[in-house]
Structures are given as structure tokens and as C-alpha cells.
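Trainee: Before I rely on any of the labels attached to this model, I would like to hear how each one is justified.
Mentor: Then let us take them one at a time and set each value against its definition.

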Amino acid sequence: MSEFWLISAPGDKENLQALERMNTVTSKSNLSYNTKFSIPDFKVGTLDSLVGLSDELGKLDTFAESLIKRMAQSVVEVMEDAKGKVQENLLANGGLKEKMKCLKIDLTSFVTHFEWDMAKYPVKQPLVGVVDTLAKQLSQIEMDLKSRTAAYNTLRLNLENLEKKSTGNLFTRTLSDIVSKEDFVLDSEYLITLLVIVPKQSYTQWQKTYESLSDMVVPRSTKLIAEDSEGGLFTVTLFRKVMDDFKTKAKENKFTVREFYYDEKEIKREREEMTRLLSDKKQQYGPLLRWLKVNFSEAFIAWIHIKALRVFVESVLSSPGSCHKALTWFSAPVPPPCGCRGLVPTQIRPDCSSASCPSISEACDGRNGGVGGQWPCSS
């Protein structure tokens, strides 16, 4: 996973000197690859408003990160049968050039070629308006995520519960997909067919003794209809009035009578329910995955705009009289050396794996969790 740091440095209008200095310092030990990250001019407003925005942006940053994690996890859960393809579904709308806006690109390329979206987040409005737009956008995505995933997860849970009934051993699983109408004596006032689980090592004993476990057992009425690794499921037909006595004697001989009554309507209902749930899940899968892909991209893009805003605000607060128009993204496996003192850092990991998603950790001590201050140095 690549690690990226966003750094602001006071300097000339284009910040070419700062970038050159950064390249000089980091290239000595091959610490990072540095690229420019431009931020437009904003309406700064008053110092009090910037302090308030600093707090709000810190909270919004955390919220956006949490939302992206949840959305990526939802993609993993929805693509349960194709988890190897999760990565290719976690992309961002292209932002390299205006003509590429409709393209999907990987998150690393989006971050390293970031361009501020002037249409979606106009810089002519006050900063508080831009932040409010981002907050409302992410809140709406979260609301939609909850409602859409709740419906799908309920459907999936119901389906899993039905599927679980068809798994397990003969003691616990449903028998409706094993037995058939022909295995039972039905609609008889006097006779009833029971299902008995017999351990594999006791098959011979069962065949020799089942007719004598109680009076009024129908001779040669037993039949093996299913097996698993532990035993077999046998039918036996007897008179209803000796059913309790037969169950007691069977238990004494370590034969287990499964409580099951053949109901053709109930069996049909279960099968139809399974078919309906499978169909509903298939119908919801495509639209939900498409929504997740589109809105993951929207949330990720919004998050990067929040990062840009946060560093801009912290830069102005830390050095009110300096120019912080240009910033730099660079991949940094370790913090840069002490020659970079005075820069304003923030950290981001934009790559999503099949089981995880973007995370952020602030690296430096300072205002609002560390997006400001100095690089940590050992000397």
C-alpha cells in the first residue's frame, strides 16, 4: 500500500523553490517521489471563521474516512463470490483533464493528479459554503448507504438462514429437500411413518430389531433414504397408538427419531421462498453494486477535497502572512529529515484492498490532531 503525505510550504507564488528543495532533501535517500498538488485561491474570511472551520474540517475528515471504509466494506460484502475483483471496482472519476472526467482511474492516479472541481465546489463562495456543500454531500451518501445496504443485508440474511437449513448433519438440517411424498403413509387414521437416524455402525442392528422395538410395527417397512458421514435416515411405519412406546425403545437402542411431519404445502412454500429470495438478491445485486461504485468515487473525491481544504486552512492559521498556493503529494515510507521543518503535513493511504479501504493517520503534533506543526525528528 502506498503512503502519501500532503505538504504545504510558504514560498514564491508557484512554490517551485519549495518543490526543488523537497526533491533535493528526499532524493538523497530515495525517500519519496514528489509531485505538485495545486489548490485554488479561496475567500479566506476572518481568523475566527478559520479557527471554526479548522475544527469542523477535522471532524468532517474523520467522518469521510469512516464513510469510505464502510462503503469499501459493503463492496466486499456484496461481491462475496468475486472478492478478487473488488479492487477494480474501487475507482475514482477521472480528474486528470476536463475531457477525462467521465473515465475511471485508480485512486493513486487521482490523488497524484488532483485538480480542484470548480463546478462542484465553486471557490468564489466563502470557505464555509464549500465545507457545507461537502458535508451535505457526504451526509446524503451515508443516508442512502444505510437504507440501500439495510435492505440488501436483510435479504441476504434471510437467504443465508434458509441455506443453513440445508446444511449440517441429519440431526439438524431440514429434511424437506431429502424426503418425498412416496416415503410416507399419508392421510391414514391408524398408520404413521417415522424418520429414524441410525448410526452407521448400527445399520445391521436396526434391520434386525426395528420390527420388535414395539408392537404393531409394519414388517419390512423400513427404507434408507439419506446418509451423511455419521449415519443414515430410515423410514419406519407403525400404528399411531404405539408411536410413543416406539420412540422410547428406539432411544434406548441409540436410534434417534426425527420429529418430522410431511406437509406438501409447507415444503412447496419453503422452495418458493428460496427461489424468490435468490431472484430478489440477483435483481438487487447489480443496481446496488453500481450505486456503491459511483458513490464510493464521489465520497473519495470529496475526501481529497476535504484534505486539501484542511491543509489550506491550517497553513493560513500557522503562517498568516505566507503564500500557500501550491502543495505537494509525495510517497513517503518514512518521515522526511529535519531539513523539512516548517512544512504542514497530512497523511493519506489511498489504495483499497479487497478487505480494507482508505485510512488516514496524522503524523505531526499540532492543531487539530496534527495537521500542522513540525516534522518529528530524532536530533
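Trainee: What makes the residues of the lining of the largest cavity divide into nonpolar, polar and charged?
Mentor: Bear in mind that this is a predicted model, and begin with the residues that line the largest cavity, namely Ser-74, Glu-77, Val-78, Thr-149, Tyr-152, Asn-153 and Leu-288. Val, Leu and Tyr count as nonpolar and Glu counts as charged, while Ser, Thr and Asn belong with the others and so count as polar. The lining therefore divides into three nonpolar, three polar and one charged.

Trainee: Which elements give two or more residues to the lining of the largest cavity?
Mentor: They are helix H2 (47-78) and helix H4 (127-165). The space in this cavity comes to about 30 Å³, and the structure holds one cavity of 30 Å³ or more.

Trainee: Why is such a space called a cavity and not a pocket?
Mentor: The term cavity applies because a 1.4 Å probe fits at its points but cannot get out, whereas a pocket is an open set of points. The second largest pocket has a volume of about 180 Å³, and among the residues lining this pocket are Phe-184, Asp-187, Arg-240 and Tyr-262. By class, the lining of the second largest pocket has eight nonpolar, two polar and two charged residues.

Trainee: How do you know that H2 and H4 are roughly parallel to each other?
Mentor: The axes of H2 and H4 come within 10 Å and cross at roughly 25°. Angles under 35 degrees count as roughly parallel, and H2 and H4 are therefore given that description. Their crossing is left-handed, and the contact of H2 with H4 has, by class, 18 nonpolar, four polar and six charged residues.

Trainee: What makes H2 roughly antiparallel to H7?
Mentor: H2 packs against helix H7 (residues 264-318) at an angle of about 155°, with the two axes 8 Å apart. Because angles over 145 degrees count as roughly antiparallel, H2 is placed in that class with respect to H7. H2 passes H7 in a left-handed crossing, and the contact of H2 with H7 has 26 nonpolar, four polar and five charged residues.

Trainee: What angle is found between H4 and H7, and how far apart are their axes?
Mentor: H4 and H7 pack at about 155°, with their axes 9 Å apart. Set against the cut-off of 145 degrees, that angle makes H4 roughly antiparallel to H7. H4 also passes H7 in a left-handed crossing, and the residues of this contact divide into 25 nonpolar, five polar and eight charged.

Trainee: Is Trp-206 buried or exposed, and how do you know?
Mentor: Trp-206, which is found in helix H5 (residues 203-209), has a relative accessible area of 0%. Buried means under 20%, so Trp-206 is called buried. Trp-206 and Thr-222 are 16 residues apart in sequence, and their C-alpha atoms are 9.4 Å apart in space.

Trainee: Why is Lys-293 counted as partly exposed?
Mentor: Lys-293 lies in helix H7 and has a relative accessibility of 30%. Since partly exposed covers the range between the 20% limit for buried and the 50% limit for exposed, Lys-293 counts as partly exposed. Lys-293 and Ala-92 are 201 residues apart in sequence, yet 8.6 Å apart in space from C-alpha to C-alpha.

Trainee: Why is Asn-30 called exposed?
Mentor: The relative accessibility of Asn-30 is 66%, and exposed means over 50%, so Asn-30 counts as exposed. Asn-30 is found in the loop between helix H1 (16-27) and strand E2 (34-38), and its phi is near 55°, a positive value in a residue other than glycine.

Trainee: How do you know whether Lys-254 is buried or exposed?
Mentor: Lys-254 has a relative accessible area of 68%, and because exposed means over 50%, Lys-254 is exposed. Lys-254 is found in the loop between helix H6 (243-252) and strand E8 (256-258), with a positive phi of about 65° although it is not a glycine.

Methods: Residues are numbered from 1 along each chain as its sequence is written. This is a predicted model: local features need pLDDT of at least 70, side-chain atom pairs count only at pLDDT 80 or more; totals for chains, interfaces and linings use all residues. Side-chain values use heavy atoms; hydrogens and water are left out. On a 1 Å grid over the protein atoms alone, a cavity is a set of points where a 1.4 Å probe fits but cannot get out, and a pocket is an open set with protein on both sides within 12 Å along at least five of seven lines; lining residues have an atom within 4 Å of a point. Grid points are joined across faces, edges and corners, and a volume is the space filled by probe spheres set on the points. Helices (H or I, at least four residues) and strands (E, at least two) are DSSP runs, numbered from the N terminus. Buried means under 20% relative accessible area, exposed over 50%, partly exposed in between (1.4 Å probe, protein chains only). Axes are lines fitted to C-alpha atoms, for helices over the stretch in contact, and angles run from 0 to 180 degrees between N-to-C directions. Angles under 35 degrees count as roughly parallel, over 145 as roughly antiparallel, 65 to 115 as roughly perpendicular and the rest as oblique. A crossing is left-handed if the near helix is turned anticlockwise from the far one by less than a right angle, and right-handed if clockwise.
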